[in-house]
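Me: I'm new to reading protein structures. Could you walk me through one, feature by feature?

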Amino acid sequence: MAAVIQAKERPDTRNSVTKTIRAEGFVPAVVYGKGKEPVTISVESMDLVKKVRDEGRNAVFSLQIEGGKSLDAMLYDYQKDSIKQDLTHIDFYLVDMSTEVDVEVTINIDGESKGEKEGGVLQQTLHTLNIRTTPNKIPDEITIASAELDIGDSVTVGDLKTTQDYEILDDDESTIVTVLPPQQADVPEVGEEGAAADEQAEPELINDKSEGEGENEE
């Protein structure tokens, strides 16, 4: 069941009005939909933050608008104040439970690998996956069990088991996690000391110089 968020219609989109809305603890928002006219609303900021925290970034929310209208939508985008970090604007997107959507889902690496127990280092290079599925089948996260990974082993996108719930859109060759060997002590190789001496003998460079961040609103 979709989490309910109370909303108010916002017919007046002037800057002075949106400023008042924010001062009252609400966030101006727009609900978009394919072939639908955008609906301008406002939602209570603290309620929205709590619902997103509890339900997840990819949850479907039931926007209960004053007057009886109800819209099922997903959080599409948001903007925050660069200094206070308060929400300043929200974009929702209408969803059809029978129509697939593309979303980004977090990867969770579960457990300690064999390689780590032997001194290896687990390195995760991919932290999210892009998937395509219907809104009611979006997972909170995709979990990968690492217990059986030895030093030198890795998991790629192509290694993940296929599921009827969603399609993974990332390249099969993309590496998600690898168990690296223990770091070796820095031991100078033959000729290395001589090379270091040569480097110290090089003249110092002279005069080597190097030269070195609004808001969309409805």
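**Getting our bearings**

Reply: Let's start with the overall layout: the chain has four helices and 13 strands. Keep in mind that this is a predicted model.

Me: How much of the chain is buried?

Reply: Of the 218 residues in the chain, 32% are buried. A residue counts as buried when its relative accessible area is under 20%, and as exposed when that value is over 50%. As for the outside, the accessible surface of the chain is about 15,000 Å², and carbon and sulfur atoms account for 45% of that.

Me: Can I try one? Is A73 buried or exposed?

Reply: A73 has a relative accessible area of 0%, so A73 is buried. You'll find A73 in strand β5. Along the chain A73 is 18 residues from D91, and the C-alpha atoms of the two are separated by 9.7 Å.

Me: Next, salt bridges. What's the idea?

Reply: Side chains of opposite charge can pair when their charged atoms come close. In this structure, the count is five salt bridges. Let's look at some of them.

Me: Which residue does R14 meet in a salt bridge?

Reply: R14 pairs with D12, with 2.8 Å from N to O. R14 has a relative accessible area of 53%, so R14 is exposed. D12 comes to 27%, and therefore D12 is partly exposed.

Me: And where do K51 and D47 lie?

Reply: Both are in helix α2, which covers residues 45-55. K51 and D47 are four residues apart there, about one turn of the helix. Their salt bridge has its closest N and O atoms 3.2 Å apart.

Me: What about the salt bridge between E148 and K114: how far is it from N to O?

Reply: For the side chains of E148 and K114, the N to O distance is 3.1 Å. This pair links distant parts of the chain, 34 residues apart: E148 sits in the loop between β10 and β11 (154-156), while K114 belongs to helix α3 (residues 114-117). E148 is exposed because its relative accessibility is 56%, whereas K114, at 36%, counts as partly exposed.

Me: Some charges don't pair up like that, I guess. Which residues gather in a patch of negative charge?

Reply: E55, D110, D140 and E141 do, on the surface. Take D140 as a sample: D140 is in the loop between β9 (128-133) and β10 (141-145). Its relative accessibility is 70%, so D140 counts as exposed.

Me: Now aromatic rings. How do I describe two of them together?

Reply: A pair of aromatic rings is described by the distance of the centres and the angle of the planes. Here the count is one aromatic pair. The ring centres of Y76 and Y93 are 6.3 Å apart and the planes are at 40°, so this pair is tilted. Planes under 30 degrees apart would count as stacked and over 60 as edge-to-face, so 40° falls in the tilted class.

Me: Where in the chain do Y76 and Y93 lie?

Reply: Y76 is in strand β5 (residues 70-80) and Y93 in strand β6 (residues 87-94), so the pair ties together parts that are 17 residues apart in sequence. Y76, at 58% relative accessible area, is exposed, while Y93, at 35%, is partly exposed.

Me: You mentioned β5 and β6. What is worth checking in the loop between them?

Reply: Check the backbone angle phi. Most residues other than glycine have a negative phi, and most peptide bonds are trans. Q85 lies in the loop between β5 and β6, and its phi is near 65°, a positive value in a residue that isn't glycine. With 43% relative accessibility, Q85 is partly exposed.

Me: Last one: how far apart in space are L180 and G120?

Reply: C-alpha to C-alpha, L180 and G120 are 5.5 Å apart, though 60 residues separate them in sequence. L180 is in strand β13, residues 175-180, and L180 counts as partly exposed at 30% relative accessibility. P181 offers another example: its C-alpha is 7.3 Å from that of G119, with the two positions 62 residues apart along the chain. P181 is in the loop between β13 and α4 (192-201), and P181 is partly exposed, with a relative accessible area of 48%.

How values were computed: Residues are numbered from 1 along each chain as its sequence is written. This is a predicted model: local features need pLDDT of at least 70, side-chain atom pairs count only at pLDDT 80 or more; totals for chains, interfaces and linings use all residues. Side-chain values use heavy atoms; hydrogens and water are left out. Patches are made of residues with over 30% relative accessible area and no salt bridge: like charges are joined within 9 Å, nonpolar side chains (Val, Leu, Ile, Met, Phe, Trp, Tyr) within 5 Å. Accessible areas come from the Shrake-Rupley method with a 1.4 Å probe; for residues, only the protein chains shown count as cover. A salt bridge is a side-chain nitrogen of Lys or Arg within 4 Å of a carboxyl oxygen of Asp or Glu. Lys and Arg count as positive and Asp and Glu as negative; His and the chain ends are not counted. The place of a charge is taken as NZ of Lys, CZ of Arg, CG of Asp or CD of Glu. Helices (H or I, at least four residues) and strands (E, at least two) are DSSP runs, numbered from the N terminus. Buried means under 20% relative accessible area, exposed over 50%, partly exposed in between (1.4 Å probe, protein chains only). Rings of Phe, Tyr and Trp (its six-membered ring) pair if their centres lie within 6.5 Å; planes under 30 degrees apart count as stacked, over 60 as edge-to-face and the rest as tilted.
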